[in-house]
2 protein chains.
Amino acid sequence: MTDASLFGLDNLPYGVFSPAGGTPRVGVRYGDSVVDLSVLLDDPVFATPSLGAFMAQGRSRWTRVREQLTDLLAGDVPDAALHPVGDVRMHLPFEVADYVDFYASEHHASNLGRLFRPDSEPLMPNWKHLPVGYHGRAGTVVVSGTDVVRPCGQRKAPDEAAPTFGPSRRLDIEAELGFVVGVGSQLGDRIGVDEFAEHVFGAVLLNDWSARDLQAWEYVPLGPHLGKSFATSISPWVVPLAALEAARVPLPGQDPQPLPYLRGREDWGLDIDLLVEWNGEEVSRPPYREMYWSAAQMLAHMTVNGASARVGDLFASGTISGPEKHQRGAFIELTWGGREPVTVKGEERTFLQDGDEVRISATAPGTSGGRIGFGEVTGTIRAPMP
Amino acid sequence: MTDASLFGLDNLPYGVFSPAGGTPRVGVRYGDSVVDLSVLLDDPVFATPSLGAFMAQGRSRWTRVREQLTDLLAGDVPDAALHPVGDVRMHLPFEVADYVDFYASEHHASNLGRLFRPDSEPLMPNWKHLPVGYHGRAGTVVVSGTDVVRPCGQRKAPDEAAPTFGPSRRLDIEAELGFVVGVGSQLGDRIGVDEFAEHVFGAVLLNDWSARDLQAWEYVPLGPHLGKSFATSISPWVVPLAALEAARVPLPGQDPQPLPYLRGREDWGLDIDLLVEWNGEEVSRPPYREMYWSAAQMLAHMTVNGASARVGDLFASGTISGPEKHQRGAFIELTWGGREPVTVKGEERTFLQDGDEVRISATAPGTSGGRIGFGEVTGTIRAPMP
């Protein structure tokens, strides 16, 4: 998956890196190299430790820079602008403004409903009418490779009389795609469902680490909080929307038809294949094309009440799960609440143990007939605080 | 309530203002004047449009500046540093990092439980074990005086087969107190319940505008989203914790005793009296001293899983409601879901109409034997977008 061919001229994802001894700046990934845009394009907007200023310049500028890079990279790139990808350090690519996490996979929402509320209908009555979502903690979004300290908190099993305090015993992942807003909107305005590409700069892989025992006890009636807020990891490379043109597909189908503000003329289903590896072993292949709600619908919904959007807003799809067991993007689903362990490197496993590493990667069809890569989002679990 | 005596030397709240023709800078309110700290103290930390840099300097610096101001303001203040409060424009006093809203009034949580879930126990089983809270939208926190456009969204009454789209018909307020983090914490660390005053700079009044019909339809299972995210208003003056020393009281009592991480040696109940006026008429007097959970417990809980805190984090109490009807801090409670209208300027009213203005103000005992003021948070409802 670190195949250089996944980072050809039809991909060109943006990130923030520092070369050995240098300060963070904006670069683009090309093959096995990171191209320093502050050198190649000699523009101060790229000499900053965030994509924010560039993203805020808007779609016509994004298009122009992509055309420029396509031309320049096809020729000779000055050595001063080139760094082997293994020699640089990657950073969080932008300052996260608000972070919203949706719940857009019907398979995931149904599975979680069955596991969290076994005595009720798995899907809530609102689920097929609106993309359900909630705000997460922007300040704990971290870049791939950041260790995740096992969170402590209150846990109460149904058969226990009172909660106890301690490390989570049901630490899980959620394999997701995150979308990054470049151009925001004013308070009182809306972003229409067909204005998606004017506002969204690109996409990242996202792992919404989840402490299921903390979550199950705390989440009524105001939703998840400490079960999620300890860490959310994203991949360092933001794949521009323009690179995803060949991945655009119709949604699987929405019934009932959503309200008019959620109906668009354009297809924003995305044919992206994810891969989840647990300690180096493949455990799942979540298919993004199975998602019920599109990212364009998520953004339209999020702003239909007049809420403003800002550069750096991050909104995520929720766990990507397909209809098959091997397509589930969270371990609570894959192991059915821990009752059906999976085999990882010869051991039976349910939830995450200290020292475990999770790697999520993804590819999609590129516009040149091959495939493009998202890189990866990884994290290793560290022992809890005493 | 704009009585100059509420802003004596025992108060000295901080804000960001611009004088006529000038840029935003940090000031302190003293009587009927705003004192320009960038002039009086000649320190660049006050020549910025946010309290952030000053707040990040930490508690010993906050103490030193307060002592300095107490001395200087008792003498002659140079005219160049003084502006009549009516001549300046107030701004959002800091950049909001993450915004978390709690639900810490037992009276409010019980009332809302009865109204939203009439067939269940009003309080969820977790409510007396942890301060329930959730993340709200930081990007739509606005300063007092900002108009609030009536939000549109999906609404479905229980007797309707499907949701419809349109302006909220049940637009409401929540009278709250907000706490502002000055000194954050690292990812993986915790803020202990007795470390509150090392981290929290001060408090503001907060109105968490709420569209009850949007909220009721959307909030299962992930909590409130569009019903709240369109606007949250705060007062422009941040009252420093040091000014609230005389307001500190024991909590009303917690049973069962909370887990050890929520038990503190210090009292952080606060004897603050709020006043809610609807189109100029008093409709409620919420008493903050009735709150079940303290702000110190909220912060300890919020970080016990290792979530980091940042300068500018804002966390709020949730609606402040006392045991009496006239002490309820939300109109849905005051009018019992709209079934028991209140009289406002001779008219029967339930939820907010376009053109309505709400004003929330508050006072507390000061350290000199009198009272100190929080100023006010106001907002006027504007007609929805077409």
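**Entry 1: the salt bridge across the chains**

I began with A:Asp313, which forms a salt bridge with B:Arg137, the closest N and O atoms being 2.9 Å apart. I took a salt bridge as a side-chain nitrogen of Lys or Arg within 4 Å of a carboxyl oxygen of Asp or Glu. Between chain B and chain A I count 2 salt bridges.

For the record, this is a predicted model, in which local features need pLDDT of at least 70 and side-chain atom pairs count only at pLDDT 80 or more, while totals for chains, interfaces and linings use all residues. Residues are numbered from 1 along each chain as its sequence is written, chains are lettered from A and ligands numbered from 1 in the order in which they are written, and side-chain values use heavy atoms, with hydrogens and water left out.

**Entry 2: polar contacts and elements**

I next looked up polar contacts, and 26 residue pairs between chain B and chain A are in polar contact, both residues at pLDDT 80 or more. A polar contact here is a pair of N or O atoms within 3.5 Å; within protein, one must be able to donate a hydrogen and the other to accept it, and residues adjacent in sequence count only if both atoms are side-chain atoms.

Which elements of chain B give two or more residues to the side that touches chain A? I noted β6 (99–102), β7 (133–136), β10 (152–155), β11 (164–167), α6 (212–218) and α7 (295–303). β7(B) gives the most, with 4 residues. Helices (H or I, at least four residues) and strands (E, at least two) are DSSP runs, numbered from the N terminus.

I sorted the residues on that side of chain B into 33 nonpolar, 17 polar and 8 charged. In this scheme Ala, Val, Leu, Ile, Met, Phe, Trp, Tyr, Cys and Pro count as nonpolar, Asp, Glu, Lys and Arg as charged, and the others, Gly among them, as polar.

**Entry 3: size of the interface**

Chain A and chain B each put 58 residues into the contact, with contact meaning heavy atoms within 4.5 Å. The two chains bury about 5,500 Å² between them, 62% of it on carbon and sulfur atoms. In chain B, the residues that lose the most area to chain A are B:Arg137, B:Leu222 and B:Asn305, together 14% of what that side buries. Buried area is the accessible area (1.4 Å probe) that two parts lose on being put together, summed over both.

**Entry 4: symmetry**

I superposed chain B on chain A with a rotation of 180 degrees and 0.0 Å of shift along its axis, at RMSD 0.0 Å. That is the relation of a two-fold axis. In chain B, the C-alpha nearest the axis belongs to B:Gly223, 2.1 Å from it. The same surface serves both copies, as 100% of the contact residues of chain B recur in chain A. The fit is by least squares on the C-alpha atoms of residues with pLDDT of at least 70 in both copies.

**Entry 5: within the chains**

I also checked A:Asp208, which forms a salt bridge with A:Lys228, the closest N and O atoms being 3.1 Å apart. A:Asp208 lies in the loop between β14 (200–207) and β15 (210–211) of chain A and A:Lys228 in the loop between α6 (212–218) and β16 (232–234), so the pair ties together parts that are 20 residues apart in sequence.

The peptide bond from A:Asp255 to A:Pro256 is cis, with omega near 5 degrees. I place A:Pro256 in the loop between β18 (248–249) and β19 (269–270) of chain A.
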